[in-house]
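Biologist: I am new to this structure. Please take me through one part of it, the surroundings of the ligand, in a close look.

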Amino acid sequence: MKIETVGVVGCGLMGSGISEVAARAGYDVLVREVDERAVEQGRDRISASLERAVEREKITPEERARSEERIRYTTRLEDLADRDLVIEAIVEDLAAKNEVFSTLDRLAPGHTILATNTSSLPVTELASGVGRPDRVMGLHFFNPVPVMKLVELVRTIETSDETYATVLEFARALGKEPVTSPDASGFLVNLLLVPFVLDAIRQVERGTATIAEIDTAMVLGLGHPMGPLTLCDFVGIDTFHRISEIMYEEYREVRYAPPPLLKRMVAMGRYGRKSGKGFYDYAGDEPVPLTL
Ligand code: CAA
Ligand code: NAD
């Protein structure tokens with residue numbers, strides 16, 4: 001089977017990036033968001049990212065225009081029923097994702113593949129709720145999607161060889177480097193990344209060092225592109241909190257437990273870069289670390 005039409009559910013940080021790379025690779029993309037305002041925000045995000053790609057001479061203005069033409073938007077999930085592949089990229093919440101999957105399972109033709117961009121939910125949890133578990137996969141992209149090369153492909157014990165081969169070909173057509181990861185909460189990358197970031201937050205809580213000291217040390221000492229607290233802001237404090245809760249629930253290991261500070265930040269709406277404030281304040285030209 002060959003993918004020609006792609007549906008993306010959710011046009012936040014990840015859904016917008018996934019839609020962009022799929023359109024740039026020539027696919028016909030239809031994106032679903034919850035309401036018109038969210039559609040506009042998603043469209044603006046894609047437009048800004050394509051503009052950046054033109055400025056950096058990665059694509060020509062004509063390629064940008066063609067990519068934008070390939071992406072259409074809807075607020076109706078039913079409209080995605082004609083797609084060959086649907087990639088779900090909504091909030092990290094099992095019930096919400098299950099609802100999307102069961103609706104699409106009911107409406108879409110038998111050949112449609114349902115993929116999830118979940119960071120931490122085992123794909124089996126989603127596959128077990130639909131009538132086509134052989135056509136369900138994890139397709140885990142990294143933020144920012146247009147830049148990060150890796151994509152984790154996750155198959156469950158029910159995923160068919162044909163589905164796997166089709167999704168592998170799709171990931172390669174996007175210019176990504178696919179790795180096959182186990183269907184365990186956090187797959188490979190988050191299994192290692194999440195405890196590292198949570199430990200950095202615990203050091204802030206304990207007063208071992210400041211936010212800026214921790215980030216600077218990890219950037220200059222290890223050559224990381226971002227320190228762990230900047231990265232947490234970049235991923236989204238709300239998303240990171242949900243990931244941590246899910247992984248802790250799965251493994252019952254303290255290393256995955258959400259530190260109280262993370263919970264408090266979510267309660268206060270400090271969602272990181274996307275809300276303007278997280279471990280840093282993004283109101284000015286340069287991020288300013290917050291005093292906690
Ligand atoms: N969208 C598109 N392109 C972007 C971008 C964005 N949001 N941000 C940066 N870029 C591009 C730039 O155009 C630039 O491209 P060229 O080098 O080809 O010109 C390149 O990325 C570098 O950008 P900048 O020079 O502006 O900035 P930078 O050097 O500080 O890099 C970064 C920015 C790529 C985000 C870098 O800081 C980085 O790699 N950070 C770590 C990101 C990371 O770890 N991501 C994984 C998060 S975990 C995850 O995704 C999994 C999960 O489930 C939570
Ligand atoms: P986000 O908060 O930026 O965006 C989520 C979007 O989903 C919002 O725009 C919201 O309006 C929309 N949404 C919610 N319910 C919906 C529904 N039923 N139908 C359509 N849209 C709906 O979140 P994000 O960072 O893009 O994360 C999305 C998914 O990708 C999560 O599962 C997350 O764990 C995963 N992920 C995130 C990152 C990251 O760095 N942020 C990286 C890899 C994977």
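Modeller: What follows goes from the two domains to the shell around ligand 2, and then to its polar contacts.

This is a predicted model. The domain assignment splits the protein chain into domain 1 (5-182) and domain 2 (190-278). Their centres, taken over C-alpha atoms, are 26 Å apart. Eleven residues from domain 1 and nine residues from domain 2 make the contact. About 880 Å² is buried between domain 1 and domain 2. Carbon and sulfur atoms give 61% of that area. On the side of domain 1, Leu13, Glu92 and Ser120 supply 44% of the area buried against domain 2, more than any other three residues.

Now the ligand. Ligand 2 lies between domain 1 and domain 2, because both give residues to the shell around it. That shell has 22 residues. The closest are Met14, Glu33, Glu92, Lys97 and Ser119. By type, the shell divides into nine nonpolar, eight polar and five charged residues. Helix H1 (13-24), helix H4 (94-107) and strand E6 (136-141) each supply at least two of the shell residues.

Next, the polar contacts. In the side chain of Glu33, an N or O atom is 2.5 Å from an oxygen atom of ligand 2. Leu13 takes part through its backbone: a polar atom there is 2.9 Å from an oxygen atom of the ligand. For Asn143, the distance from a side-chain N or O atom to an oxygen atom of ligand 2 is 3.2 Å. On its own, ligand 2 has 830 Å² of accessible area, and the protein covers 86% of it.

Definitions and conventions
Residues are numbered from 1 along each chain as its sequence is written. Chains are lettered from A and ligands numbered from 1 in the order in which they are written. This is a predicted model: local features need pLDDT of at least 70, side-chain atom pairs count only at pLDDT 80 or more; totals for chains, interfaces and linings use all residues. Side-chain values use heavy atoms; hydrogens and water are left out. A residue is near a molecule or strand if one of its heavy atoms lies within 4 Å of it. A polar contact is a pair of N or O atoms within 3.5 Å; within protein, one must be able to donate a hydrogen and the other to accept it, and residues adjacent in sequence count only if both atoms are side-chain atoms. Accessible areas come from the Shrake-Rupley method with a 1.4 Å probe; for residues, only the protein chains shown count as cover. Helices (H or I, at least four residues) and strands (E, at least two) are DSSP runs, numbered from the N terminus. Ala, Val, Leu, Ile, Met, Phe, Trp, Tyr, Cys and Pro count as nonpolar, Asp, Glu, Lys and Arg as charged, and the others, Gly among them, as polar. Domain bounds come from an automatic or database domain assignment. Contact means heavy atoms within 4.5 Å. Buried area is the accessible area (1.4 Å probe) that two parts lose on being put together, summed over both.
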